[in-house]
Amino acid sequence: MPLNSSSIPHLEALRSPLQPPTFGNQITVLSIDGGGIRGIIPGTILAFLESELQKLDGADARLADYFDVISGTSTGGLVTAMLAAPNDQNRPLFAAKDINDFYLENCPKIFPQDESPFASAGKLITSLRGPKYDGKFLHSIIKEKLGDKRLHQTLTNIVIPTFDIKRLQPTIFSSYQVKSNPSTDALLSDICIGTSAAPTYLPAHYFETKDPSGKVRGFNLIDGGVAANNPTLVAMGEVSKGNHSEES
């Protein structure tokens, strides 16, 4: 579904044109659940799907070319951004086959295991003191991979739910909302770190955005699964609101 950004000049100049629905009036939605390292499971399925599409349409075919909306929560939000973020040639930054390599290479560093004999005894104390992992490596690798790409730049519509622990309410980062709420035009890296911040495992993520008027908005985000464990319903809601706003 095309996103009309003409009402926001700085988005009009930057965003790549989004394609109309792939199959007439039907909206195609790809929904990716969370689950930490279990992101390898959807990664495997998506790599197979993309390889089959490449047999039909060539080696350059990517999932973002076929889905009008990609939605993901927690680690699924990270996969969503990886599939939809553009590279310098305005093509997807990652192929689906790259996702599992990312997890297999980086998860041991994101979730390091303490093999010392005192590890078990210290788990309870650690859980009471704060999150089990500091998230520093996760933050650095996501920022390195996604760079300065923002929500409005994705190659297809995306929907990523998070939960703001200061406001005590869900915050949804959506291509359908960014034109009317430019304060949500955050870095994809910040959105991914926020939606992946599982309570007790990783710290909440704070960052700020600034809208065209200069107004600053702060976000204090944790795992999107707290707000919406099923990203499919969130995506359907965003599509419905997007349709309604276009009709009105």
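Asp223 sits in the loop that joins strand 6 (216-222) to helix 8 (231-247). Helices (H or I, at least four residues) and strands (E, at least two) are DSSP runs numbered from the N terminus. The model is predicted: local features need pLDDT of at least 70, side-chain atom pairs count only at pLDDT 80 or more, and totals for chains, interfaces and linings use all residues. Residues are numbered from 1 along each chain as its sequence is written, and side-chain values use heavy atoms, with hydrogens and water left out.

## Annotated site

UniProt, in an unreviewed entry, lists Ser74 and Asp223 under "active site". UniProt positions follow the numbering used here, feature names are shortened, and annotations may be inferred rather than shown by experiment. The two residues span 150 residues in sequence, yet no two of their C-alpha atoms are more than 5.5 Å apart, so they gather at one spot. Both Ser74 and Asp223 belong to the lining of the largest pocket.

Ser74 lies in the loop between strand 2 (69-72) and helix 3 (75-84). Buried means under 20% relative accessible area, exposed over 50%, and partly exposed in between (1.4 Å probe, protein chains only). Contact means heavy atoms within 4.5 Å. The table leaves aside neighbours within four places in sequence.

| Residue | Relative accessibility | Contacts |
|---|---|---|
| Ser74 | 9%, buried | Gly34, Gly35, Thr195, Ser196, Asp223 and Gly224 |
| Asp223 | 10%, buried | Ser74, Phe163, Gly194, Thr195, Ala197, Ala198 and Pro199 |

## Largest pocket

The volume of the largest pocket is about 440 Å³. On a 1 Å grid over the protein atoms alone, a pocket is an open set of points with protein on both sides within 12 Å along at least five of seven lines; a cavity is a set where a 1.4 Å probe fits but cannot get out; lining residues have an atom within 4 Å of a point. Grid points are joined across faces, edges and corners, and a volume is the space filled by probe spheres set on the points.

The lining has 24 residues, and Gly35, Gly36, Ile37, Ser74 and Phe111 lie nearest the centre. Helix 3, helix 4 (97-110) and helix 6 (136-146) are the elements that give two or more residues. Helix 4 gives the most, with 4 residues. By type, the lining divides into 13 nonpolar, 9 polar and 2 charged residues. Here Ala, Val, Leu, Ile, Met, Phe, Trp, Tyr, Cys and Pro count as nonpolar, Asp, Glu, Lys and Arg as charged, and the others, Gly among them, as polar.

## Core and fold

In helix 3, 10 of the 10 residues are buried, so this helix is largely enclosed by the rest of the structure. A nonpolar core is a set of buried Ala, Val, Leu, Ile, Met, Phe, Trp, Tyr and Cys residues joined through side-chain atoms within 4.5 Å. The largest one has 42 residues; Leu30, Leu46, Leu63, Leu83, Ile142 and Phe173 touch the most other members. Helix 3 supplies the largest share of this core, 6 residues. A second, separate core of 7 residues includes Val159, Tyr176, Ala228 and Val239.

Leaving aside neighbours within four places in sequence, Leu63 is in contact with Leu30, Leu46, Leu49, Glu50, Leu53, Leu83 and Ala96.

The chain has 8 helices and 6 strands. Of its 248 residues, 46% count as buried. Among contacts between residues at least 6 apart in sequence, 72% join residues at least 24 apart.
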